[in-house]
Structure formats: C-alpha cells, structure tokens
Amino acid sequence: MENRINGIRFASLLRQETNLNKMDPGLNKLSAALDALVLRQKITASNIANIDTEGYNKRRVEFEKHLKEAKLNGDTTVVKPSIETTDEKVDLDTELIEMAETQMKVQFVTRMIRSQLELTKMGITGNPNTRL
C-alpha cells in the first residue's frame with residue numbers, strides 16, 4: 001500500500017536500493033529522518049487513542065538523541081529511532097503540540113527531499129523542468 005501523506009511516498013521510494021542512493025547518501029539520511037517522523041506521528045496518535053486506558057503510560061520516539069550521539073561518535077551510518085515507554089501519563093495538550101511540531105518537521109524534510117531530487121534531476125538532464 002502506498003501512503004501519500006506529506007512525502008511518505010518519497011520515503012518508500014528512497015529506501016529502495018538504487019544507484020541514486022549510492023550517489024547521494026544524503027537522501028538516505030533524509031529518508032530515515034522522514035521514517036522516524038512518521039513513526040513519531042503514529043506513536044503520538046496511539047498515545048492520544050489510549051489517553052483513557054487504565055495503566056497506559058506515554059510512549060515516545062527517540063531519534064534526535066541517537067542522531068546527536070552518532071554525530072559525536074563520527075558514525076556516518078543511518079540512525080534508527082527507538083520507542084521508549086515513560087512513567088508519564090498521557091496529556092492531551094502535550095500530545096497535540098507534539099503532533100503539530102512533528103507535522104512541521106515532516107513538511108520541512110519533505111521539502112528538503114524534493115530539493116535534493118530536483119538538484120539531481122537538473123544534474124542529469126541540465127534542465128529542472130524535464131520530466132523523468
């Protein structure tokens with residue numbers, strides 16, 4: 001099933017092993033970031049859906065922390081997100097803010113992916129208006 005919400009379609013295309021990925025590893029990193037953000041949206045939605053569930057504690061996606069650690073260690077591999085369960089109860093206002101922030105980040109990463117692909121297309125064809 002192909003998901004078309006704010007560039008998720010791009011992420012599934014970029015994950016495929018292609019010569020483009022080998023030429024531009026930045027696209028792999030952007031794709032991984034987009035995957036992490038989509039996962040964060042799903043976890044936030046799950047938190048909201050379980051707000052009244054007895055014994056349910058908030059879950060969150062850790063990605064930025066892993067990214068910083070990898071950068072400090074000089075690791076150039078693609079960073080994977082993790083899901084952590086906290087001791088906190090779900091707060092609707094906090095979750096809605098998290099959802100809005102994540103949506104803005106998704107839009108930003110999607111624009112970056114589009115820009116990268118446009119630059120690649122221009123490099124191949126010499127014309128940014130050419131359809132591939």
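This report walks through a predicted model, starting with one helix and moving on to cores and charged pairs.

## Helix H5

Let's begin with H5, which covers residues 92–125. Its 34 residues should span 50 Å at 1.5 Å a residue, and the C-alpha atoms at its ends sit 49 Å apart, so the two figures agree. Right after H5 comes Gly 126, with a positive phi near 80°.

Some of H5 is tucked away: its buried residues are Glu 95, Thr 102, Val 106, Val 109, Thr 110, Ile 113, Thr 120 and Lys 121. Leu 92, also in H5, is another story, since its 39% relative accessibility makes it partly exposed. Together with Ile 51 and Leu 96, Leu 92 makes a nonpolar surface patch of about 230 Å².

## The nonpolar cores

In soluble globular proteins, nonpolar side chains tend to be buried together. Here, the largest nonpolar core holds seven residues: Leu 27, Leu 30, Leu 34, Leu 37, Val 106, Val 109 and Ile 113. Helices H3 (25–49) and H5 each put in at least two of them, and H3 gives the most, with four. There's also a second, separate core of five residues, among them Ala 33, Ala 36, Phe 63 and Ala 70.

## Thr 44 and its neighbors

Thr 44 belongs to helix H3. It counts as buried because its relative accessible area is just 3%, under the 20% cut-off. Leaving aside residues up to four places away in sequence, Thr 44 touches Glu 95, Glu 98 and Met 99. As for Ile 97, 53 residues separate it from Thr 44 in sequence, yet their C-alpha atoms are 10.0 Å apart in space.

## Charged pairs

Side chains of opposite charge can pair when their charged atoms come close. The model has eight salt bridges. Arg 60 takes part in two of the contacts described here: one with Glu 62, at 2.8 Å from N to O, and one with Glu 88, at 3.8 Å. The Arg 60–Glu 88 pair links distant parts of the chain, with Arg 60 in strand E1 (residues 59–62) and Glu 88, 28 residues away, in the loop between strand E2 (82–85) and H5. Glu 62 is buried at 14%, while Arg 60 is partly exposed at 32% and Glu 88 is partly exposed at 40%.

Back in H5, Glu 118 and Lys 121 lie three residues apart, about one turn of the helix, and form a salt bridge at 3.5 Å, N to O. Glu 118 is partly exposed at 39%, whereas Lys 121 is buried at 16%. Elsewhere, salt bridges with shared partners tie Arg 40, Glu 64, Glu 98 and Lys 105 into one network.

Definitions and conventions. Residues are numbered from 1 along each chain as its sequence is written. This is a predicted model: local features need pLDDT of at least 70, side-chain atom pairs count only at pLDDT 80 or more; totals for chains, interfaces and linings use all residues. Side-chain values use heavy atoms; hydrogens and water are left out. Helices (H or I, at least four residues) and strands (E, at least two) are DSSP runs, numbered from the N terminus. The expected span of a helix is 1.5 Å times one less than its number of residues. Buried means under 20% relative accessible area, exposed over 50%, partly exposed in between (1.4 Å probe, protein chains only). Patches are made of residues with over 30% relative accessible area and no salt bridge: like charges are joined within 9 Å, nonpolar side chains (Val, Leu, Ile, Met, Phe, Trp, Tyr) within 5 Å. Accessible areas come from the Shrake-Rupley method with a 1.4 Å probe; for residues, only the protein chains shown count as cover. A salt bridge is a side-chain nitrogen of Lys or Arg within 4 Å of a carboxyl oxygen of Asp or Glu. A nonpolar core is a set of buried Ala, Val, Leu, Ile, Met, Phe, Trp, Tyr and Cys residues joined through side-chain atoms within 4.5 Å. Contact means heavy atoms within 4.5 Å.
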